[in-house]
Amino acid sequence: MSLTTLMFLVACSGAPSTDDTSGSEDTDDTSTPDDTDDDTTTDTDEDTDEVEDTDEVPVTPHDCLDNHGIFGLSSRWTYAWKNSSRTGSRVTTVSAYDNATNSATVSIQSTWVDAAATFYETRVVEHVCDADYLYVVSQTVNSTLDLSIGTPTVVADTYTYTEPERVQANHTLDPPSPTMWTKHTVGTRVDSGGASQAFDVTVMCWLVQADQGGYSPFVPDQYQCGTPPVYPDPEPTVTEEYRWEEGIGIVNDWDTRLTEHSP
């Protein structure tokens, strides 16, 4: 019984009418509609409170960045060039990290010297992920290639994606369900002079073989992207090939191999 109802009943019982024979007063004291309304209102309020408590249960976002080796600002990858005539390295570091929104920005520093050529590049890539994939949402590229002949080639491009680009599945699916996805790269590239160029490319990415050995100290899965084989042509058209390991990320591609990863 609510406090309002209790006070109402006490007031009625503790202050008797000066006219005890009044029928109207007795009728008011024994009226049941008021009691019924108060009780019904109280029950409705309590039921509503229970629903609100259920809605306030916190929901933890899916933590997917660590599947790709991105554990925080301390995460770092160091790669060596496969070309034996090149000296230098590729180092990837995390410059922004937000586990609440599953987003991170990585900076990729690439340097090499090959005979008379010198190359330097900084690539800043913004990532976001969900329960299924790691995506790229934007990136900038600044590079200089000096061939010691003529003017060095300088690139300063900004890539804006119309839709996030799927770059890697979060997990490798066990056979007989292969890991594969559509990789749609669509958006606009703006160069240092302000010229804009649209791009729209769609390829398939698929798992070639899981747990490939021979890339010590890592045992990665092998992926390819391009056009899958179509009967009667058994050979796919491959535009990208790499090895990926859960909890680390890319450990091997056409140009480099991973030598060190720090969580």
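This passage walks through the fold, strand pairing, cores and disulfides of a predicted protein model.

Let's start with the overall picture. The protein is built from three helices and 12 strands. It runs to 263 residues, and 31% of them count as buried. On the outside, about 15,800 Å² is exposed, with carbon and sulfur atoms supplying 54% of that area. The chain also folds back on itself over long stretches of sequence: among contacts between residues at least 6 apart, 45% join residues at least 24 apart.

Next up is a run of neighbouring strands. Strand 6 covers residues 153–169 and strand 7 covers residues 180–190, and the two pair in the antiparallel sense over four bridges. One place to look is Tyr 161, whose bridge partner in strand 7 is Gly 187. Strand 7 also pairs with strand 8 (residues 196–209), again in the antiparallel sense, this time over 11 bridges. Here Val 186 stands opposite Asp 200 of strand 8. Strands 7 and 8 make a hairpin, with five residues between them. In that turn sits Gly 194, which has a positive phi of about 90°.

Now for the inside. In soluble globular proteins, nonpolar side chains tend to be buried together. The largest nonpolar core of this model has 19 residues, and the members touching the most others are Leu 65, Ile 70, Trp 77 and Leu 258. Several strands chip in: strand 1 (76–81), strand 3 (103–114), strand 4 (117–129), strand 5 (133–146) and strand 6 each supply at least two residues of this core. Strand 3 gives the largest share, with three residues. Apart from this core lies another one, made of 11 residues, including Tyr 133, Tyr 223, Tyr 242 and Trp 244.

Leu 65 is worth a look of its own. Leaving aside residues up to four places away in sequence, Leu 65 touches Ile 70, Tyr 97, Asp 98, Asn 102, Ser 103, Ala 104, Cys 129 and Leu 134. Of these, Ile 70 is, like Leu 65, among the core members that touch the most others, while Cys 129 takes part in a disulfide.

That leads to the sulfur links, of which the count comes to two. In one of them, Cys 64 and Cys 129 are joined, with their sulfur atoms 1.7 Å apart. The torsion about their S-S bond is about 90°, so this disulfide is right-handed. The link ties together distant parts of the chain, 65 residues apart: Cys 64 lies in the loop between helix 3 (33–55) and strand 1, whereas Cys 129 belongs to strand 4. Both of these cysteines are buried.

The other disulfide joins Cys 205 and Cys 225, whose sulfur atoms lie 2.0 Å apart. This link is right-handed too, with 105° about the S-S bond. Cys 205 sits in strand 8 and Cys 225 in strand 9 (residues 221–227), so to speak two distant parts of the chain, 20 residues apart. Cys 205 has a relative accessible area of 0%, and therefore counts as buried, since the cut-off is under 20%. Cys 225 comes in at 1%, so it is buried as well. Counting the bonded cysteines along the chain, the disulfides follow the pattern 1-2, 3-4.

Technical notes: Residues are numbered from 1 along each chain as its sequence is written. This is a predicted model: local features need pLDDT of at least 70, side-chain atom pairs count only at pLDDT 80 or more; totals for chains, interfaces and linings use all residues. Side-chain values use heavy atoms; hydrogens and water are left out. Two strands pair if DSSP finds at least two bridges between them. A nonpolar core is a set of buried Ala, Val, Leu, Ile, Met, Phe, Trp, Tyr and Cys residues joined through side-chain atoms within 4.5 Å. Buried means under 20% relative accessible area, exposed over 50%, partly exposed in between (1.4 Å probe, protein chains only). Contact means heavy atoms within 4.5 Å. Accessible areas come from the Shrake-Rupley method with a 1.4 Å probe; for residues, only the protein chains shown count as cover. A disulfide is a pair of cysteine sulfur atoms within 2.5 Å.
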